[in-house]
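User: Hi! I am new to protein structures and would like to learn how to read one, feature by feature. Could you walk me through this one?

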Amino acid sequence: DERVVVEEGGLKFLVNFTDYLDTGLFLDHRPLRARIRMLAKGKRFLNLFCYTAAVTVFAGLGGARATTSVDMSATYLDWARRNLALNGLPEAQHELVRADCLRWLGAERRRWDLVFLDPPSFSNSKRMDDTLDVQRDHVALVRAALRVLERDGTLLFSTNRRGFRLGAE
């Protein structure tokens, strides 16, 4: 559990170069994090498959009114909690939810102004009833996210799956 604090855009994040395949901060999302920081002012922000909540930190310090971050992993949510605290973001305003994102979206009644949807390419977590394949399941995920998006809101979808093709529907 050797974590190092790094800085990006004046914000601080814990990264781990030894214990995990992923370090805790996706470098390819750097421009997207900066964009979300600009878009978040005064908005309610939802981060689905939040990982270590780096994007949530950018939204929070970009002036988001409130944030909700959802992930199934207790490990990543603990890491997210630590990243929020490292940047002075109180949990009372920045909710962390441990849940299967698709199932959670199906039951959720609240709405958000800005939604970031970044599912893994594939997951076969024991906490899910089925597997998740972003190519197969992205249409259902996007539709579920749109259901909780305010009418004039913004949904940002991201995937790193090679050969990904966005479904026309």
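Analyst: Gladly! Let's begin with a term: helices are DSSP runs of H or I with at least four residues, strands are runs of E with at least two, and both are numbered from the N terminus. With that in hand, Arg147 can be placed in helix H5. Please keep in mind that this is a predicted model.

User: Is Arg147 buried, partly exposed or exposed?

Analyst: A residue is called buried under 20% relative accessible area and exposed over 50%, with partly exposed in between. Arg147 has a relative accessible area of 34%, so it counts as partly exposed.

User: And what does Arg147 touch?

Analyst: For this we set aside residues up to four places away in sequence. What remains for Arg147 is a set of contacts with Leu105, Gly106, Ala107, Glu108, Arg109 and Arg111. Take Leu105 as an example: it is 42 residues from Arg147 along the chain, while their C-alpha atoms are separated by 8.2 Å.

User: Which residues form the positive surface patch?

Analyst: Arg147 appears again here: together with Arg109, Arg111 and Arg151, it forms a positive surface patch. Arg151 sits in strand S9, which covers residues 149–157. Its relative accessible area is 86%, so Arg151 is exposed.

User: Helix H5 came up earlier. Where is Ala140, and how far is it from Arg30?

Analyst: Ala140 also belongs to helix H5, which spans residues 134–147. At 42% relative accessibility, Ala140 is partly exposed. Between the C-alpha atoms of Ala140 and Arg30 there are 26 Å, and along the chain the two are 110 residues apart.

User: Now for charges. How many salt bridges does the structure hold?

Analyst: The general idea is that side chains of opposite charge can pair when their charged atoms come close. In this structure there are eight salt bridges. One of them joins the side chains of Arg33 and Glu8, with 2.8 Å from N to O. This pair links distant parts of the chain, since Arg33 is in helix H1 and Glu8 is in strand S1 (residues 3–8), 25 residues apart. Both Arg33 and Glu8 are buried.

User: Which parts does the pair of Arg65 and Asp113 tie together?

Analyst: The side chains of Arg65 and Asp113 meet in a salt bridge at 3.8 Å, N to O. Arg65 is in the loop between helix H2 (54–61) and strand S4 (66–71), and Asp113 is in strand S6 (residues 112–117), so the pair ties together parts 48 residues apart in sequence. Look at the cover of each partner, too: Arg65 is partly exposed at 45%, whereas Asp113 is buried at 14%. These two also belong to a network of salt bridges, in which Arg44 and Glu150 take part as well.

User: What is the partner of Glu108 in a salt bridge?

Analyst: That partner is Arg110, and the closest N and O atoms of the pair are 2.7 Å apart. Glu108 is buried at 11% relative accessibility, while Arg110 is partly exposed at 36%.

User: Let's turn to helix H2. How many of its residues are buried?

Analyst: Seven of the eight residues in H2 are buried, so the helix is mostly covered. The buried ones are Ala54, Val55, Thr56, Val57, Phe58, Ala59 and Gly60. Just after H2 comes a backbone detail to look for: Gly63 takes a positive phi of about 100°.

User: What about Ala53: where is it found, and what is it in contact with?

Analyst: Ala53 is in the loop between strand S3 (44–48) and H2. Its relative accessibility is 0%, so Ala53 is buried. Leaving aside neighbours within four places in sequence, Ala53 is in contact with Asn47, Ser69 and Ala80. As for Arg37, it is 16 residues from Ala53 in sequence and 13 Å away in space, C-alpha to C-alpha.

User: One last residue: is His29 buried or exposed?

Analyst: His29 is buried, because its relative accessibility is 4%. You can find His29 in the loop between strand S2 (11–16) and helix H1 (30–39). Not counting residues up to four places away in sequence, His29 touches Phe116, Asp118 and Ser158.

Note on methods. Residues numbered from 1 in each chain as written. Predicted model: local features only at pLDDT ≥ 70, side-chain atom pairs only at ≥ 80, totals over all residues. Heavy atoms only, no water. Buried < 20%, exposed > 50% of the residue type's maximum accessible area, 1.4 Å probe, protein only. Contact = heavy atoms within 4.5 Å. Patch = residues over 30% accessible without salt bridge, like charges linked within 9 Å, V, L, I, M, F, W, Y side chains within 5 Å. Areas by Shrake-Rupley, 256 points an atom, 1.4 Å probe, with all protein chains shown as cover. Salt bridge = Lys/Arg side-chain N within 4 Å of Asp/Glu carboxyl O. Lys, Arg positive; Asp, Glu negative; His and termini not counted. Charge placed at Lys NZ, Arg CZ, Asp CG, Glu CD.
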